[in-house]
There are 2 protein chains.
Amino acid sequence: MSAEDEKTIAFILYPGLTPLDLIGPLQPLSGLRRLVPQWKTVVVGERIEPMGTDAGLSMTPEASFEDVPNPNIFVVPGGGAPTIKQMGNDVLLEYVRRAAEGAEIVASVCTGSLILASAGLLDGRNATTHWAYHTLLERLGVTYLPERWVEDGKFVMSAGVSAGIDMALHLIARLTGEKISRLVQLGIEYDPHPPYGGIDWSTVDRDMLYPLVSSYVDQELVDRPELQNRLLNR
Amino acid sequence: MSAEDEKTIAFILYPGLTPLDLIGPLQPLSGLRRLVPQWKTVVVGERIEPMGTDAGLSMTPEASFEDVPNPNIFVVPGGGAPTIKQMGNDVLLEYVRRAAEGAEIVASVCTGSLILASAGLLDGRNATTHWAYHTLLERLGVTYLPERWVEDGKFVMSAGVSAGIDMALHLIARLTGEKISRLVQLGIEYDPHPPYGGIDWSTVDRDMLYPLVSSYVDQELVDRPELQNRLLNR
């Protein structure tokens, strides 16, 4: 295999993200290399330094944005208030826009789709996000679908946090076929058994956390009044 | 709430582990604090410095073993060859033994149970591990059960990698009840939909990776010939 055949899947790391959004799809996609050596993952960040997460521990990217300007695939994880803040980070948005131009697949987990939308990449598209943030996505001109993952052209977006695992196995199937996807699934022993079964969506009010979510927009995007007003519909 | 009421859930981080083993249960258990402030998670390591993982990126613990000598609960994540190596790390084993004495619950994910067994904590008990490592667990005098998670007294052990998420939700239910567990599940949107369904175990030979697994024991435990011989049954 020549270096030209190598394909790069970049995962974006930024301060304060939800680590399961990142690690959920990174674990299966990094394991793909053992079965199909062409595929290589790399975690990229604005700087190569430890960054805090919303679960306490810190994580350090393997490379900077400059090191990986043209990944074949890139994945934007989400989080809470820190992700809202990144919606106004021009360095990140510029990287996302530029990388999206040449990428075969642009993926997001959870509120990572809000970053894609803020970069102007999802106008008029179907997408999904964490259930509690659906209104913000809709106010950016995106059609929210309450599905585990949503594909619209080269964009593949998953629902909240843990949904990135399902999306990654779908991506592996799309890239290499069902057989390899099932082998990776066996490797991470993904045979889920939530103690009380799945979520009963008939009992969930997807607007119940809107006061909290809108407070994040109020706090984290003070320097972006236009984006803030759009997200808060005022 | 006084500081005395605070309860600590420590997650052990060591070089080369499988990050989903750690982050899978850490994400829901760290989220528990928002609902039940008594519970606090902390990621501990032999040293507070970035440590590589088997998915490329590095992670830094929040505290050292010395900082958290008596957690109420502690969780040992697993991995591949690097986890086998830790089975011979006296500093880690000593921490695990000492912490287990006072802990209410001792948990493991994936091959983390091999570390517990190597510390002498699982003699004659029921336990589980990643399917590919069941023989090693059995050779340490443990009864392997092919279940998503196994409880034996204060020991709670999950199957491979992703199984730590299910185990964490079970632990949350054990600690605080079903209602809180379901709320945390909703928070991480854990409504799993593997693209091709769960694993069909009737098609899986749990011994197929034994040559690889035994090569890890050969390579990583050269300084521990007694443990090595026991694990390789020679």
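This is a short walk through a predicted model of two chains, A and B.

First, the conventions. Residues are numbered from 1 along each chain as its sequence is written, and chains are lettered from A, with ligands numbered from 1, in the order in which they are written. Because this is a predicted model, local features need pLDDT of at least 70 and side-chain atom pairs count only at pLDDT 80 or more, while totals for chains, interfaces and linings use all residues.

I start with how the two copies relate. A turn of 180° and a shift of 0.0 Å along the axis lay chain B on chain A with an RMSD of 0.0 Å. That is the relation of a two-fold axis. The superposition is by least squares on the C-alpha atoms of residues with pLDDT of at least 70 in both copies. Which C-alpha of chain B is nearest the axis? It is that of B:M59, 2.2 Å from the axis.

Now the contact between the chains. Two residues count as in contact if their C-beta atoms, placed from the backbone, lie within 7 Å. Chain A gives 50 residues to the contact and chain B gives 51 residues. On the chain B side, at least two residues each come from helix 1 (19–35), strand 2 (39–45), strand 4 (58–60), helix 6 (163–176) and helix 7 (178–187). Helices here are DSSP runs of H or I with at least four residues, strands are runs of E with at least two, and both are numbered from the N terminus. Helix 1 of chain B has the largest share of that side, seven residues. By class, the side of chain B that touches chain A has 28 nonpolar, 16 polar and seven charged residues. For those classes, Ala, Val, Leu, Ile, Met, Phe, Trp, Tyr, Cys and Pro are nonpolar, Asp, Glu, Lys and Arg are charged, and the others, Gly among them, are polar. Of the interface residues of chain B, 98% are also interface residues in chain A, so the copies meet through the same surface.

One sheet is built from both chains. It is an open sheet of four strands in the order 3(A)-4(A)-4(B)-3(B), with antiparallel pairing. Strand 3 (51–52) of chain A and strand 3 (51–52) of chain B stand at the edges with a single partner strand each, so one side of each is left without a neighbour in the sheet. Two strands pair if DSSP finds at least two bridges between them. Across the chains, strand 4 of chain A and strand 4 of chain B run antiparallel and are joined by three bridges, with B:T60 as the bridge partner of A:S58. Within chain A, two bridges join strand 3 to strand 4, again antiparallel, and here A:G52 stands opposite A:S58.

Next, the other sheet, in chain B. This open sheet has seven strands in the order 5-2-1-6-7-11-10, with mixed pairing. Its edge strands are strand 5 (63–64) and strand 10 (149–152), each pairing on one side only. Strand 1 (residues 7–12) and strand 2 of chain B are parallel over six bridges, and B:A10 stands opposite B:V42. Helix 1 of chain B packs on this sheet, touching strand 1, strand 2 and strand 6 (73–76), and its direction makes about 145° with that of strand 2. Further along, strand 6 and strand 7 (residues 105–108) of chain B run parallel with four bridges, among them the pairing of B:I73 with B:I105. Strand 7 and strand 11 of chain B are also parallel, with three bridges; B:A107 stands opposite B:V156. B:V156 is also the bridge partner of B:E151, as strand 10 and strand 11 (residues 155–158) of chain B run antiparallel over four bridges. In the hairpin of these two strands, with two residues between them, B:G153 takes a positive phi near 60°.

Last, a helix pair in chain B. The axes of helix 1 and helix 6 of chain B come within 8 Å and cross at roughly 30°. That makes the two helices roughly parallel, a label for angles under 35 degrees, where over 145 is roughly antiparallel, 65 to 115 roughly perpendicular and the rest oblique. Axes are lines fitted to C-alpha atoms, for helices over the stretch in contact, and angles run from 0 to 180 degrees between N-to-C directions. The residues of this contact divide into nine nonpolar, two polar and one charged; among them are B:L29 and B:L32 of helix 1 and B:I165 and B:I172 of helix 6 of chain B.
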